Amino acid sequence: MVNRVITIGHTPDMDDAFMFYAIAQGKIPLDGLRIEHVIQDIQTLNQRAATGELDVTAISAATYPSIAKDYWILSVGSSVGQNYGPLVVAVHGMNPEELTGKRIAVPGLQTTAYLLLRLAVPEFEPVQMRFEVIPEAVLRGEVDAGLLIHERQLTYHDQGLLPILDFGMWWHKTVGLPLPLGLNAVKRALGKPLAMQLAQILRDSILYAMAHQDDALADALQFGRGIDMTRARQFVSMYVNEETLSLSRHSHQALRELYQRAHAAGLIPGVPRITLIRPPRN
């Protein structure tokens, strides 16, 4: 009997590698399914989600309103900032208000980081580029500032860059809730029983990685783009935690708040209904 193939898109980043370690390495049962991993950067996955190509996919929280008709949100696998998150950096210090009108390097127009920047600084000139080259572009003066995501949030100090606007702190001060940044979405066409089964498999994979942290981190470090184990452990602990195992009521509320603010600012056409698919057992 041929196992049913499920395509799962996730990024070549340490937190995703950690979460999917047990699935990729055959450490947990897949209950009659065969997983085909599609590993691409988050901007590409956001774009592919728009055409419904993948059964399950990592997406930026900002992308969900545009794909809600085709996907549900899994309650597991989310990346949520707790008073930390993407940030804007520059070579020279400035007040956040001075970002108005500036050329700012951004890691993609569908990312949550970009949506937050649009909410905080309505008028600026975005310059799209791969997230890992943004610090160097700022240092070379190609842009006035850069919007950092992933592990670049931990390493920008090493390059002499200065923080201008920390969105984890800004969101906490403005809204008083966690900051939902990344989600995993599952196609509605699969049906809820299979979607719930996939939520359970992902939860089992995350629990396995947490229980075998050293092995999972060693595997994830290959995607660390030059950072050491200490920072890898720090980064993964920031974005793989209790919220990743089960999106909390506060994070659910924060998602609604993000979409309501984006809609009020004219950045998205409407506020989507948020349906969370949870594992059949917890």
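Is glutamate 257 to be counted as buried, partly exposed or exposed, and at what relative accessibility? In this predicted model, glutamate 257 counts as partly exposed, because its relative accessibility is 22%, and buried would mean under 20%. The close-up views below begin with this residue and its partner.

**View 1. Glutamate 257 and arginine 261 form a salt bridge.** The closest N and O atoms of glutamate 257 and arginine 261 are 2.7 Å apart. Both residues belong to helix 13, which covers residues 249–264, and they are separated by four residues, about one turn of the helix. Arginine 261, like its partner, counts as partly exposed, with a relative accessibility of 31% for arginine 261 and 22% for glutamate 257.

**View 2. Aspartate 214 and arginine 233 meet through their side chains in a salt bridge.** In this pair the distance from N to O is 3.3 Å. Aspartate 214 is found in helix 10 (residues 213–220) and arginine 233 in helix 11 (residues 229–239), so the salt bridge ties together parts that are 19 residues apart in sequence. Aspartate 214 has a relative accessible area of 52% and is therefore exposed, since exposed means over 50%, whereas arginine 233, at 34%, is partly exposed.

**View 3. Arginine 130 and glutamate 132 are joined by a salt bridge between their side chains.** Here the distance from N to O is 2.8 Å. Arginine 130 is exposed, with a relative accessible area of 54%, while glutamate 132 is partly exposed, with a relative accessible area of 23%. A search of the whole structure finds seven salt bridges, and among them are the pair of arginine 130 with glutamate 132, the pair of aspartate 214 with arginine 233, and the pair of glutamate 257 with arginine 261.

**View 4. Threonine 63 sits in a loop between a strand and a helix.** The loop that holds threonine 63 runs between strand 3 (56–60) and helix 4 (64–67). Threonine 63 counts as buried because its relative accessibility is 3%, and buried means under 20%. The side chain of threonine 63 reaches the backbone oxygen of glutamine 110 at 3.0 Å. When residues up to four places away in sequence are not counted, threonine 63 touches Asn46 and Gln110, so that a reader who follows the side chain of threonine 63 to glutamine 110 can also look for Asn46 beside threonine 63, within the 4.5 Å that defines a contact.

Notes: Residues numbered from 1 in each chain as written. Predicted model: local features only at pLDDT ≥ 70, side-chain atom pairs only at ≥ 80, totals over all residues. Heavy atoms only, no water. Helix = DSSP H or I, 4+ residues; strand = E, 2+ residues; numbered from the N terminus. Buried < 20%, exposed > 50% of the residue type's maximum accessible area, 1.4 Å probe, protein only. Polar contact = N/O pair within 3.5 Å; in protein donor to acceptor, adjacent residues only side chain to side chain. Salt bridge = Lys/Arg side-chain N within 4 Å of Asp/Glu carboxyl O.
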